[in-house]
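The exercises below ask you to work through one structure step by step. Please keep the sequence and the coordinates open beside the text, and try each task before reading its solution.

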Amino acid sequence: PPRIGVLTSGGDAPGMNPAVRAVVRSALQAGAEVFAIREGWQGAVEGGDDIVALDWDDVSGIMHRGGTVIGTARCQEFRDRGGRRRAALNLVRHGIDRLAVIGGDGSLTGADLLRQEWPELLAELVAAGEIDEDMARAHRNLMIAGLVGSIDNDMVGTDMTIGTDSALHRIIDAVDAISSTAASHQRTFIVEVMGRECGYLALTGAVAGGAAYTFIPEAPPADGWQQHMCELIQRGREAGRRDSVIIVAEGARDRSGRPITSADVRQALKDNLGQDARITILGHVQRGGTPSAYDRWMSSLLGVSATEDLLAADSTSVPSVLGIHRNAVIRTPLIEAVQQTRAIASMVAAHDFEGAVAARGVGFSR
Ligand code: F6P
């Protein structure tokens with residue numbers, strides 16, 4: 001029977017477990033064998049006990065658990081060809097040539113590199129006597145299905161990445177909790193959220209949390225934002241609003257590319273309004289905890305689709321990123337998703353903000 005490997009890589013995200021469960025059970029159902037590659041690409045590079053066969057019951061009771069039960073890592077060795085050569089050897093020795101990769105931009109870029117190099121790496125392993133020719137022939141192509149696992153929602157090819165919705169729930173819970181203490185003291189709170197260079201969590205969290213102001217990398221405020229923000233906060237107070245929440249994306253910048261930090265926002269409130277605002281940095285609380293219903297549903301759907309694609313794949317198949325668009329599964333060629341994601345990051349870095357938002361296509365549209 002065909003052998004599928006499943007791995008989670010990069011920052012963990014709620015919903016990775018439902019995705020793993022779906023891949024495993026749909027593969028077993030279809031008569032395939034399925035292996036967990038533990039600790040992400042690190043497990044592929046290390047081999048040994050990090051590559052283990054999974055059974056139906058091995059993924060019982062994980063649907064509601066945050067993080068990833070098969071472990072993840074940000075693997076440095078896999079960035080080097082030498083690391084990918086070791087990964088290829090370990091995978092082929094286990095007879096694995098189909099991979100469901102659940103990870104962020106970096107992890108999926110690595111997956112595509114391994115796929116491109118695969119025939120060459122196998123030839124090298126044969127020449128070095130590390131695998132025999134029959135083995136290389138039997139696994140001459142590496143087939144990959146990518147699922148985007150990241151709370152940042154920063155990848156092209158899906159409306160929502162796995163974990164974003166759960167992280168938003170964490171953010172909203174925190175903003176609601178903060179609002180009550182803020183209202184009691186008539187205070188302004190600055191809430192800093194994750195997302196790297198992507199403002200999705202901050203923007204969506206601000207809308208859903210009813211925040212007064214937000215800072216995101218894709219739409220830096222005009223010069224003089226300090227006065228503008230303070231005027232709005234002041235107007236709210238005059239209208240009877242007792243609490244004000246400002247959400248700052250960790251990657252927020254001004255128009256000249258300088259970071260706007262929570263401390264900068266606090267200082268502006270002090271200078272202009274004499275307010276003594278409080279800062280709450282939500283940190284990894286956003287990434288942990290139980291996956292939302294949406295993340296469970298979406299990840300299960302994507303996991304089953306990944307298995308179907310992997311079992312139907314042959315040497316002519318283009319590896320895809322599987323995502324969700326308008327509540328249906330969509331596929332984008334892996335290389336395209338990676339390249340477009342990079343291009344958007346470059347546009348943001350070059351201050352082409354309109355271009356970046358337009359190129360994002362899905363996820364940010366009105
Ligand atoms: O990519 C997910 C993410 O949580 C980002 O939002 C954040 O910047 C980063 O990972 C934190 O990384 P680490 O867990 O390695 O500190």
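**Exercise 1. Decide whether R326 is buried or exposed, and describe its backbone.**

Solution. The model is a predicted one, and the burial class follows from counting C-beta atoms. A residue is exposed if 12 or fewer other C-beta atoms lie within 10 Å of its own. R326 has 7 other C-beta atoms within 10 Å, and therefore R326 is exposed. The next step is to place R326 in the chain, where R326 lies in the loop between β10 and β11. Its phi is near 50°, a positive value in a residue other than glycine. For context, most residues other than glycine have a negative phi.

**Exercise 2. Describe how strand β10 is paired and how many of its residues are buried.**

Solution. Begin with the partner that follows in the chain: 6 bridges join β10 to strand β11 (residues 328-333), and the two run antiparallel. A register for this pair is given by I324, which stands opposite V329 in β11. The two strands form a hairpin with 2 residues between them, and R326 is in the turn. Turn next to strand β5 (residues 143-148), which is joined to β10 by 3 bridges and runs parallel to β10. Here A145 stands opposite S320 in β10. Finally, consider burial: β10 covers residues 320-325, and 5 of its 6 residues are buried, so that the strand is mostly covered.

**Exercise 3. Compare the end-to-end reach of helices α6 and α1 with the expected values, and say what covers each helix.**

Solution. Helix α6 (residues 164-185) has 22 residues, and the distance from its first C-alpha to its last is 31 Å, close to the 32 Å expected at 1.5 Å a residue. Its buried residues include T164, L168, I171, V175, I178 and A182. To read such a pattern, recall that an α-helix has 3.6 residues a turn, so residues three or four places apart point the same way. The buried residues of α6 pack against β6 (188-193), α7 (200-209), β8 (244-249), β9 (278-281) and α10 (293-312).

For helix α1 (residues 16-29), the 14 residues should span 20 Å at 1.5 Å a residue, and the end C-alpha atoms are 20 Å apart, which agrees. Helix α1 is mostly covered, with 12 of its 14 residues buried, among them M16, V20, V24 and A27. The cover over the buried residues of α1 includes β1 (3-9), β2 (33-37), β4 (98-103), β5 and α10.

**Exercise 4. Examine the residues that follow these two helices, and state which phi values they take.**

Solution. After α1 comes G31, whose phi is positive, near 90°. Just after α6, Q186 takes a positive phi of about 50°, and Q186 is a residue other than glycine. The place of Q186 is in the loop between α6 and β6. Q186 has 12 C-beta neighbours inside 10 Å, and therefore counts as exposed.

**Exercise 5. Which residues does A202 touch beyond its neighbours in sequence?**

Solution. A202 is found in helix α7. With 27 C-beta neighbours inside 10 Å, A202 counts as buried. Once the neighbours within four places in sequence are set aside, A202 is in contact with V193, G195, T214, I216, I247, V248 and A249. As a further distance to check in the coordinates, the C-alpha atoms of A202 and N153 are separated by 11 Å, although the two residues are 49 residues apart along the chain.

**Exercise 6. List the residues around the ligand and sort them by character.**

Solution. The residues around the ligand are G11, G104, S150, I151, D152, M194, G195, R196, E250 and R287. Sorting this shell gives 2 nonpolar, 4 polar and 4 charged residues. Note that G195, a member of the shell, is also among the contacts of A202.

**Exercise 7. Judge how compact the whole chain is.**

Solution. The chain has 12 helices and 11 strands. Its radius of gyration is 23 Å, close to the 21 Å that the globule rule gives for 366 residues, so the chain is as compact as a globular protein of that length. Along its principal axes the C-alpha trace spans about 75 × 40 × 35 Å. Buried residues make up 52% of the 366 residues. Of the contacts with a separation of 6 or more, 77% are between residues 24 or more positions apart.

Conventions: Residues are numbered from 1 along each chain as its sequence is written. This is a predicted model: local features need pLDDT of at least 70, side-chain atom pairs count only at pLDDT 80 or more; totals for chains, interfaces and linings use all residues. A residue is near a molecule or strand if its C-beta atom, placed from the backbone, lies within 6 Å of it. Ala, Val, Leu, Ile, Met, Phe, Trp, Tyr, Cys and Pro count as nonpolar, Asp, Glu, Lys and Arg as charged, and the others, Gly among them, as polar. A residue is buried if 20 or more other C-beta atoms lie within 10 Å of its own, exposed if 12 or fewer, and partly exposed in between; C-beta atoms are placed from the backbone. Helices (H or I, at least four residues) and strands (E, at least two) are DSSP runs, numbered from the N terminus. Two strands pair if DSSP finds at least two bridges between them. The radius of gyration is taken over C-alpha atoms; the globule rule is 2.2 Å times the number of residues to the power 0.38. Two residues are in contact if their C-beta atoms, placed from the backbone, lie within 7 Å. The expected span of a helix is 1.5 Å times one less than its number of residues.
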